[in-house]
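Please walk through the fold of this chain, looking at how its helices pack and how its sheet is put together.

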Amino acid sequence: MERLPKLDARLLTIASMVREGARCADIGCDHGYLVAWLAAQKKISAGCACDINRKPLEKAAFTLSEYGVADRVKLILCAGLDGLPAGGADDIVIAGMGGDLIWEIIGKAPWTRDPALRFVLQPMTKSERLRRSLAENGFDILREEAVVSGNFPYAVMQAAYTGRARTLTPAEAYCGTLLDDPSPAARRYLAKTARLIRERVEGLGRAASPGAEYEELRALLKELESRCTT
């Protein structure tokens, strides 16, 4: 059996959402552990490790060589999806970035509007903006899980283009399907989200006329605080 890179809980959750036998592209690959693990496990048929900077690609090249999978993963120096041609991958991982940047990368490439593709996404910040952008542009979140890694909760999503554009409610934007997830990781994620919303509500509340967003977020905050304390 081939040696495997050691993945933390966050990367293992991301890996679990990559489909068996897929050609997988890891955008912003950093050290390359994720795609090396997928290749060494033979979960993917081929891989691409993409990064905008040369240093991470050099680290990824070392990782791929160390774990004996350099022949199965192509290294691409590029910004976002610029170096990945249409049809070049089945599953695309974009993790460890802000939600706005993740959407910018997806939205910039018109070929991402392909129902056969799967996007595995893990935003570090602004998850609500990513969920809204996906929904407004015809992408559905097919699966969503919370995971705690390094004592910090994250949301990992698997998304696909369906062409069904819609506007999310505040609860859908900020919590996705995790609002009804009873797992400890989801509860941690909701507690973190509640803290962020509380800051937003306090900021809006200082305005002379807070408006509809204030009332919507205040109602959501009450719901989240109720769930996090039960």
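In this predicted model, helix H7 passes helix H8 in a left-handed crossing. H7 covers residues 184-205 and H8 residues 212-228; their axes are 9 Å apart and the packing angle is about 150°. Angles over 145 degrees count as roughly antiparallel, and H7 and H8 are therefore roughly antiparallel to each other. On the H7 side the contact includes Leu-190, Ala-191, Ala-194, Ile-197, Val-201 and Leu-204, and among the H8 residues they meet are Leu-217, Leu-220, Leu-221 and Leu-224. Charged residues take part as well, including Arg-187, Arg-198 and Arg-200 in H7 and Glu-213, Arg-218 and Glu-225 in H8. By class, the contact of H7 with H8 divides into twelve nonpolar, two polar and seven charged residues.

A second helix pair is formed by H1 (residues 9-16) and H2 (residues 33-40), whose axes come within 10 Å and cross at roughly 50°. H1 and H2 are therefore oblique to each other, and their crossing is right-handed. Here Leu-11, Leu-12, Ile-14 and Ala-15 of H1 meet Leu-34, Trp-37 and Leu-38 of H2. The residues of this contact comprise seven nonpolar, no polar and no charged.

The next element is the sheet. It is open, has seven strands in the order E3-E2-E1-E4-E5-E7-E6, and its pairing is mixed. Strand E3 (73-77) and strand E6 stand at the edges with a single partner strand each, so one side of each has no neighbour in the sheet. From one strand to the next the twist averages 20°.

Both kinds of pairing can be followed in particular strands. Strand E1 (residues 22-27) runs parallel to strand E2 (residues 44-51), and six bridges join them; Ile-27 stands opposite Cys-50 in E2. H1 packs on the sheet, where it touches strand E4 (91-98), strand E5 (118-125), E6 and E7, and the direction of H1 makes about 155° with that of E6. Helix H3 (residues 54-66) lies across E2 and E3 and runs at about 170° to E3.

At the E6 edge, strand E6 (residues 139-149) and strand E7 (residues 152-161) run antiparallel and are joined by ten bridges. Ala-146 has Ala-155 in E7 as its bridge partner. The two strands form a hairpin with two residues between them, and Gly-150 in the turn has a positive phi of about 60°.

Strand E6 also takes part in an aromatic pair. The count of such pairs comes to four. In one of them, the ring centres of Trp-103 and Phe-139 lie 5.7 Å apart with the planes at 80°, so the pair is edge-to-face. Trp-103 belongs to helix H4 (residues 99-108) and Phe-139 to strand E6; the pair links distant parts of the chain, 36 residues apart.

Trp-103 appears again in the packing of H4 on helix H5. H5 spans residues 127-136, and the two helices pack at an angle of about 25° with their axes 7 Å apart. H4 and H5 are therefore roughly parallel to each other, with a right-handed crossing. Gly-99, Asp-100, Ile-102, Trp-103 and Ile-106 in H4 meet Arg-129, Leu-130, Ser-133 and Leu-134 in H5. The contact of H4 with H5 consists of five nonpolar, two polar and two charged residues.

How values were computed: Residues numbered from 1 in each chain as written. Predicted model: local features only at pLDDT ≥ 70, side-chain atom pairs only at ≥ 80, totals over all residues. Heavy atoms only, no water. Axes fitted to C-alpha atoms, helices over the stretch in contact; angles between N-to-C directions. Helix = DSSP H or I, 4+ residues; strand = E, 2+ residues; numbered from the N terminus. Parallel < 35°, antiparallel > 145°, perpendicular 65-115°, else oblique. Left-handed = near helix turned anticlockwise from the far one by under 90°. Contact = heavy atoms within 4.5 Å. Pairing = 2+ DSSP bridges. Phe/Tyr/Trp six-rings, centres within 6.5 Å; stacked < 30°, edge-to-face > 60°.
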